[in-house]
Amino acid sequence: MTTFWDIVHLLTATPIIFVAIMGLTWGILGGALPGISASITMALVLPFTYTMDPAMAIALLACVYIGAEYGGSIPAILIRTPGTNSSAATVIDGYELNRQGRAGEALGISLMSGVIGSLFGLAMLALLTEPLSWLALAFTPPSYFGLGILGLSVIASMTGGSLVKGLAAAVIGLMISTVGTDPISGVTRYTFDIPDLLNGVEPVLVMVGLFALTELMSQSGSTAVLALKDSVRIRLPNLAMMNRLKRSQTIGCILGLFEGLTPGGGGSIAAFMSYNEARRWSKTPEKFGKGSEEGVAAPEAANNTVASTALIPLLSFGIPSSNSTAVLLGGLLMHGLLPGPRLFEQNPQVIDSLYVGSFIAIIAQIGVGVVLLPAAVWLVNRPRPYRAGFIFALILSGIYTLNMATFDLGLALALGVVGYLMRIAGFPFLPMILGVVLGHMVESSYRRSLVLSGGDMMVFLQDPICVGLLLAAAGFVIFSLSRELRDARKAKLQEALG
Amino acid sequence: MNKDSLSGLVLLALAGGYYWATGFIADSTLEDEVGAVGLPHALTLALVLLGLILLVRGLLAARAAAAHAATGPGAARVEDEERDARVPRALGFLAIGAAYVVLLPYLGYLVSVALLIGAVSLFEGAPRRWTVPLTAIGGALLYWAVFVKLLGVNQPAGLLFQGWLS
Amino acid sequence: MKFKTGLAFMLAGAIVGGSLFAGKADAQPAPYPQKVVTLVTHSSPGGGSDVFLRELSKYLAKYIDATFIVENVQGGSGAKAVARVAAAPADGSVFYATTPTYIYTSLLSKPPKTYKDLEPLVNVFADSEVVFTREDGPFKTLQDVIDHAKKDRGRWGAANPASLERQAAEQLKRASGVNAAIVTHEGGGDMMLNVLNGTLDIGVGEYQELRSQIEAGKIRVLATFNPERLPQKPDVPTVKESGFNVELVKFRGLAGPKGVPEDVTTIWDAAIQKVLNDPEYKKAYTEEVLIAEFIPHKDYPAFVNNFAETTEGFLKETGAIK
C-alpha cells in the first residue's frame, strides 16, 4: 500500500522545517478526527519513521503530538465531539460559543491558547528537565491516589444543579471504569468473555457517545436551526482579549506542567481542573457554561502544555506518562535510542532537533490554523440534513480506528442511548466522564498503597504529597458546594419574589 | 410517576444488574485486601443510596404536584410533551447507526458509509433529489480517501466485495 | 486515563521490510513458496513484539527469498491477532509473533481462537527477566532482599497484574518462604519509578526496559530469572544459583495457522539458525540483551504447550481461572 508517508519518508533529507510542518499538519488532522487520539495519530506515522534519520523521526513524532493535542479542540468546538480525551473540557464552553454563532472566535482563542501552552511547555522541557524530573520521582502510589481524588473533587462543581444526579452520574462513570482487567489481581471484571473488553472501555467512546451522539439525536428531533451568524473567518483574539484570558491561560499552563510530569494523566485531568480553577478565579464566573472565552482558553492551554511536559519523564527516565508518549518511546527504541540521562550526552543532535522541530511546529500552528480552520467552519455549516449524515459517518469511522472493532461502534451507540436518557432525565454528563477517566487511577493507586502498607490506612497520611492533594480536594468540595447552595438559595428567593 | 422517581428506579435496577454481574468476578489468591470486588461493592451501595434518594424525592414532589394539579397545566408540561414527541425520531436516528454497524462487515466500508450518509440525510429531511445520492457517494469517497488511503486505517472491505475494494 | 502496557488501540500499519534493507547477502537466500510473508503482532508500532519483528525481518530477507511485512493487529490483548492468523491460509504466508501474552489472554478470557488454534513454528529469543533494585539502596544481593523480607516485610514489584513477572515474583516468594507484598503496576516504567524512589525493595522486569538506568548507574541488577547467566552481565547470578528454584523463559518466536507444510518449516528452521548467527544482527540483539534461544519446529509445540500448562496450573491454583 503506497500512502502519503511513503513519499514523505523519501523527502526526509529536506530541512527540519518541512518535517515540523508536515508533522504538525498531520497531527492536527488526526487529532481533529474524532476517535483518532493523539497516540493513534502518532502510531500511524511511526512505521514510516523507521527509515528516517533518527533526529528527524523523533522531531516528526513530537510535532505530530503537538498538532494532535491542538487538533482535538476543533471538533470539540464545532460538533460537540472531543477529538481527543483531553479536549473534553473544551466542549463545554467551546460548543456553547459555536451555538451563539461565535465559532470563529472560539477557534481563535483555542488556537492562541494552545500556542501559549505549547511554548510554555517547551520552555520548561528545554530549561528545567533535570530538576523537574525529580519531581516526577517523588510521586508514590499514595500521591497518585491523592491526585485522583483531587481530580474527582472537580465533580462537586459540575453537578449541573442537582448534587444527587451528579453523584449518580459519577458513580456510573466509575462503574464503567471497573470493566476490564483488574489492576491488582489480574482477574477479569464485567468482560463477559468478550476480548474487546479486556482492556476496558475507552474514555473517548464514552465522550463521543454522551456528547456527540446525544447532540445528534436531540437535533434530529428539533426544528431549531443553528444559523451561522458569523462569517467563516477565524478571529484571533486581540490584545484586549488576550489580556482578559491571561489568568485562565496561566492556570492552564501551570496545571498542564504538573500533569505532564506525573505518569497516567495524559492531559484530561489538567484540562478539567484548569477549567474549574479558571472559573473560580474568573471575574465573570457566571459566564462559564454559557459561552465563556476563558472556559476555552484554560483547558486548551493546559492540554497543549502537557504535550511538551509529558516528554520530561519520558526523556529522563524512559517512562511514558501516556499512550502518546509510549508511542514516542517506541520511536526512540526503534532507532536504538535509549531515553535516560545518557541520551542527552550521547545523542544531543536528537534532543536539539526535537526542540527546534517543536518550536517551528508551535509557531507554524498559527499559520496552519488560520488556513485550515475556515474550511472546517464552512464544512460544519452545510445544510443540516447533510451535516448530520457527515458527522455521524465521521464519528463512526473514527471510533472504528480505536480498536478496529465493530464492537466499539455498538458500544458507542449504546452509550448514545444512555446519554440521551440522561439528558431527558436531567443528569449531567461531566461527572460521568470524570468517573470514567479517573476511576482506574483512583482504584489502582488506592489498592496499591494498601498492599504496600499491609493494609495500614496511615500510608495516605504519611505521604506529604498525598496529604496536600487530599486537603486541596476537600477545600474544592467545600468551596463548590457552598457556592452551589448559595446559588440555589438565590434562585429560590428570586422565584419567590418573581 | 415523574422523571425523578423513574430515574431513581432505573438507578436501582442498574445497581442490581451491576451487583449481579459482580458475582461473576473470580476469587483469586493474588487478591489484595480490598479485592477486585471492593470498589464494585462500594459503588453498588452508593448507587442504591442515590437511587433511593431520587425515588423518594420524586414521589414527594409528585404528591406536592398533585395537590397543585387543579390550578391548571404548567408550562413545563407542554415542554415535556414536545420533547417526548422527539424521542421516536432520536431513536430512529440511532437505528440508522445500528443498521450501519450490522451491515458494515458485509457491505464493506465504502458502500456502508455511502448508505449511512444518504439515509441520515433523507431522515433529516433533505429534499428528495439527485443531490442526495451524489453527496452520499462523494462523501463516502472522501472518507474512504482520508481514512483508508491517507491514514492507512483498514476499514472493513466487506465480505461481498472482498478483493477488489481494498 | 487508563494506561496499560498493551495500548488499547489497534491499527494496521504495514511496512515493507525485507527487500528494502536486505543489503548484500553473503549467501543466496533460500527459495520460498510465498512471495510475501506477513508477520502479525498484537503489539502497537514501537512495542516489544513490533520492534522484534521489524528488526528480524530486516535480516531475514538475506536467508529467505521473500518480502516481509509487519502487520499490527492490536486489540483484545492479542485475541484479535490470534484469530487473524488462525483464519489465514496455512501456506507459510502468515505468521504470528508469540510471547507469553497470547497464552495468558487465551487462558484468562477464553476468546473464540486461542493458542491451541495456532501451530508454533520456531522460537527465536528469550527476554532477560531480572530482579533489580536501586543502586543507592540497602540491598547488594538477592539474599539481602530475602533476609530483609524474612525479618520485616518485603515490598516487591511486578510490572503487570496477570503476567509472567507476577508469576515469577509469587514463585520466588513461595520458594523463599518469606512475607512480601507483591505490588503490580501498569507496566515496567511505572514500576521502575517506584523502585527508584524507594517505595519498593525490588522489581521484577525486563532488562530491556531498564537499560538506560542501568547504564546510568541508578539501578543494580541482583539476579536473573533466566536459566543461564546473561552473556552481557556475567557477574549477575541466576535466581536458581542464588538458591531459589525458580526460572522462567519469556519466549519470543513465531507461530502459524495449523498445518503449515513441512517444506516451509524446514526453511524456517534453517533460516532462523542462520539469522541468529548473522554478525550484524547478533551485534544488534546482543546490545538489546536478547538471548538467542533457537527451538526448532519439531520441539516448539511441546515447549509452548508445556509453558501453557504451567501457566494454567498457576492461574488455577491462585483462583484467577476455574
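# Contacts between and within the chains of a predicted model

Between chain A and chain C there is one salt bridge, and the reader should keep in mind from the outset that this is a predicted model. The pair in question is formed by the side chains of D196(A) and K80(C), with 2.7 Å from N to O. As a general point, side chains of opposite charge can pair when their charged atoms come close.

## Chain A against chain C

The contact of these two chains draws on 66 residues from chain A and 60 residues from chain C, and together the chains bury about 5,400 Å², of which 61% lies on carbon and sulfur atoms. Within chain A, the residues that lose the most area to chain C are Y50(A), N199(A) and L452(A), which together account for 13% of what that side buries. Besides the salt bridge, the count of residue pairs in polar contact between chain A and chain C is ten, with both residues at pLDDT 80 or more. Several helical elements of chain A give two or more residues to the side that touches chain C, among them α3 (38-49), α7 (103-137), α9 (163-177), α18 (384-403) and α20 (430-453). By class, the residues on that side of chain A divide into 36 nonpolar, 24 polar and six charged.

## Chain B against chain A

Here the contact takes 68 residues from chain B and 65 residues from chain A, and about 5,700 Å² is buried between the two chains, 76% of it on carbon and sulfur atoms. Three salt bridges are counted between chain B and chain A, and one salt bridge joins the side chains of K165(A) and D4(B), at 2.8 Å from N to O. Across this interface there are also 15 residue pairs in polar contact, both residues being at pLDDT 80 or more. On the side of chain B that touches chain A, the elements giving two or more residues are α1 (3-22), α2 (38-68), α3 (75-107), α4 (109-123) and α5 (131-150) of chain B. Of these, α3(B) gives the most, with 14 residues. The residues on this side of chain B comprise 43 nonpolar, 14 polar and eleven charged.

The table sets out the named salt bridges, including one within chain A that is taken up again further below.

| Side chains | Distance, N to O |
|---|---|
| D196(A) and K80(C) | 2.7 Å |
| K165(A) and D4(B) | 2.8 Å |
| E277(A) and R280(A) | 2.8 Å |

## Helix packing inside chain A

Two helix pairs of chain A can be followed in some detail. In one of them, helix α2 (residues 16-32) and helix α4 (residues 54-71) of chain A pack at an angle of about 35°, with their axes 6 Å apart, and the crossing of α2(A) and α4(A) is right-handed. The residues that make this contact include G23(A), W26(A) and G27(A) of α2(A), and L60(A), C63(A) and G67(A) of α4(A). By class, the contact of α2(A) with α4(A) has 15 nonpolar, five polar and no charged residues.

The other pair is α9(A) and α20(A), whose axes come within 7 Å and cross at roughly 35°, and the crossing of α9(A) and α20(A) is right-handed. Among the residues that form the contact are A169(A), G173(A) and I176(A) of α9(A), together with M432(A), G435(A) and H440(A) of α20(A). The contact of α9(A) with α20(A) divides into eight nonpolar, six polar and no charged residues.

## Local features of chain A

Over all chains, a search of the whole structure finds 35 salt bridges. One that lies inside chain A links the side chains of E277(A) and R280(A), at 2.8 Å from N to O. Because they are three residues apart in helix α12 (residues 268-281) of chain A, E277(A) and R280(A) are separated by about one helical turn.

A contrast to that local pairing is offered by A376(A), which is found in helix α17 (residues 348-380) of chain A. Although A376(A) and L78(A) are 298 residues apart in sequence, they are 8.2 Å apart in space, C-alpha to C-alpha. When residues up to four places away in sequence are not counted, A376(A) touches I74(A) and L78(A).

Conventions. Residues are numbered from 1 along each chain as its sequence is written. Chains are lettered from A and ligands numbered from 1 in the order in which they are written. This is a predicted model: local features need pLDDT of at least 70, side-chain atom pairs count only at pLDDT 80 or more; totals for chains, interfaces and linings use all residues. Side-chain values use heavy atoms; hydrogens and water are left out. Contact means heavy atoms within 4.5 Å. Buried area is the accessible area (1.4 Å probe) that two parts lose on being put together, summed over both. A salt bridge is a side-chain nitrogen of Lys or Arg within 4 Å of a carboxyl oxygen of Asp or Glu. A polar contact is a pair of N or O atoms within 3.5 Å; within protein, one must be able to donate a hydrogen and the other to accept it, and residues adjacent in sequence count only if both atoms are side-chain atoms. Helices (H or I, at least four residues) and strands (E, at least two) are DSSP runs, numbered from the N terminus. Ala, Val, Leu, Ile, Met, Phe, Trp, Tyr, Cys and Pro count as nonpolar, Asp, Glu, Lys and Arg as charged, and the others, Gly among them, as polar. Axes are lines fitted to C-alpha atoms, for helices over the stretch in contact, and angles run from 0 to 180 degrees between N-to-C directions. A crossing is left-handed if the near helix is turned anticlockwise from the far one by less than a right angle, and right-handed if clockwise.
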